[in-house]
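Work through the exercises below with the model open beside you. Try each task before reading its solution.

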Amino acid sequence: MDEKIKKSQLARLGRIEGQVRGVARMVEDDRYCIDVLTQIRAVRAAIDKVEQEILHDHLQHCVAHAFHAGNAKERQTKIEELIEVLDKRR
């Protein structure tokens, strides 16, 4: 993974970790359910963004490398990995 992207994603994941702790405090404090659910949606959206950016980086580097420099087996492995990840994402 590109170092700039890695640093950015680690920072984003740190913020998400803080959001999750905030949601836990909201539950502990018996906050209004809709407010808790709204924060849970925000956490999910942030995680989805991290996933999207890491997938983009993977396609740009790992998959592109396999298709330009790899052999047929390596290309097929990358295709199967992507299909599996995208199936689980649904």
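Helix axes are lines fitted to C-alpha atoms over the stretch in contact, and angles run from 0 to 180 degrees between N-to-C directions. The model is predicted.

**Exercise 1. Helix packing**

Task: Describe how α2 is arranged against α3, then how α1 is arranged against α2.

Solution:
- Step 1. Two packed helices are described by the angle and the distance between their axes.
- Step 2. Take α2 and helix α3 (residues 72-89): their axes come within 10 Å and cross at roughly 165 degrees. Angles over 145 degrees count as roughly antiparallel, so α2 is roughly antiparallel to α3.
- Step 3. Check the handedness: α2 passes α3 in a left-handed crossing.
- Step 4. Now take helix α1 (residues 3-28) and α2: the axes come within 10 Å and cross at roughly 165 degrees. That makes α1 roughly antiparallel to α2.
- Step 5. The crossing of α1 and α2 is left-handed.

**Exercise 2. A salt-bridge network**

Task: Find which residues are joined with Glu53 into one network by salt bridges that share partners.

Solution:
- Step 1. Side chains of opposite charge can pair when their charged atoms come close. The cut-off here is 4 Å between nitrogen and carboxyl oxygen.
- Step 2. Searching the whole structure gives 5 salt bridges.
- Step 3. Glu53 pairs with Arg12, with the closest N and O atoms 3.5 Å apart. This pair links distant parts of the chain: Glu53 sits in helix α2 and Arg12 in helix α1, 41 residues apart.
- Step 4. Glu53 also pairs with Lys49, at 3.8 Å between the closest N and O atoms. About one helical turn separates Glu53 and Lys49, because they are 4 residues apart in helix α2.
- Step 5. Shared partners therefore join Arg12, Lys49 and Glu53 into one network.
- Step 6. Check exposure. Glu53 is partly exposed at 22% relative accessibility, and Lys49 is partly exposed at 34%.

**Exercise 3. A pair within α1**

Task: How many residues apart are Arg21 and Glu17 in helix α1?

Solution:
- Step 1. Arg21 and Glu17 form a salt bridge, with the closest N and O atoms 3.4 Å apart.
- Step 2. The two are 4 residues apart, so about one helical turn separates Arg21 and Glu17.
- Step 3. Arg21 is partly exposed at 46% relative accessibility. Glu17 is partly exposed at 48%.

**Exercise 4. A nonpolar patch**

Task: Which residues form a nonpolar patch on the surface with Ile34?

Solution:
- Step 1. The patch holds Tyr32, Ile34, Leu37 and Ile40, with about 400 Å² of accessible area together.
- Step 2. Place Ile34: this residue lies in helix α2 (residues 33-69).
- Step 3. Ile34 counts as partly exposed, because its relative accessibility is 46%.

Methods:
Residues numbered from 1 in each chain as written. Predicted model: local features only at pLDDT ≥ 70, side-chain atom pairs only at ≥ 80, totals over all residues. Heavy atoms only, no water. Patch = residues over 30% accessible without salt bridge, like charges linked within 9 Å, V, L, I, M, F, W, Y side chains within 5 Å. Areas by Shrake-Rupley, 256 points an atom, 1.4 Å probe, with all protein chains shown as cover. Salt bridge = Lys/Arg side-chain N within 4 Å of Asp/Glu carboxyl O. Buried < 20%, exposed > 50% of the residue type's maximum accessible area, 1.4 Å probe, protein only. Parallel < 35°, antiparallel > 145°, perpendicular 65-115°, else oblique. Left-handed = near helix turned anticlockwise from the far one by under 90°.
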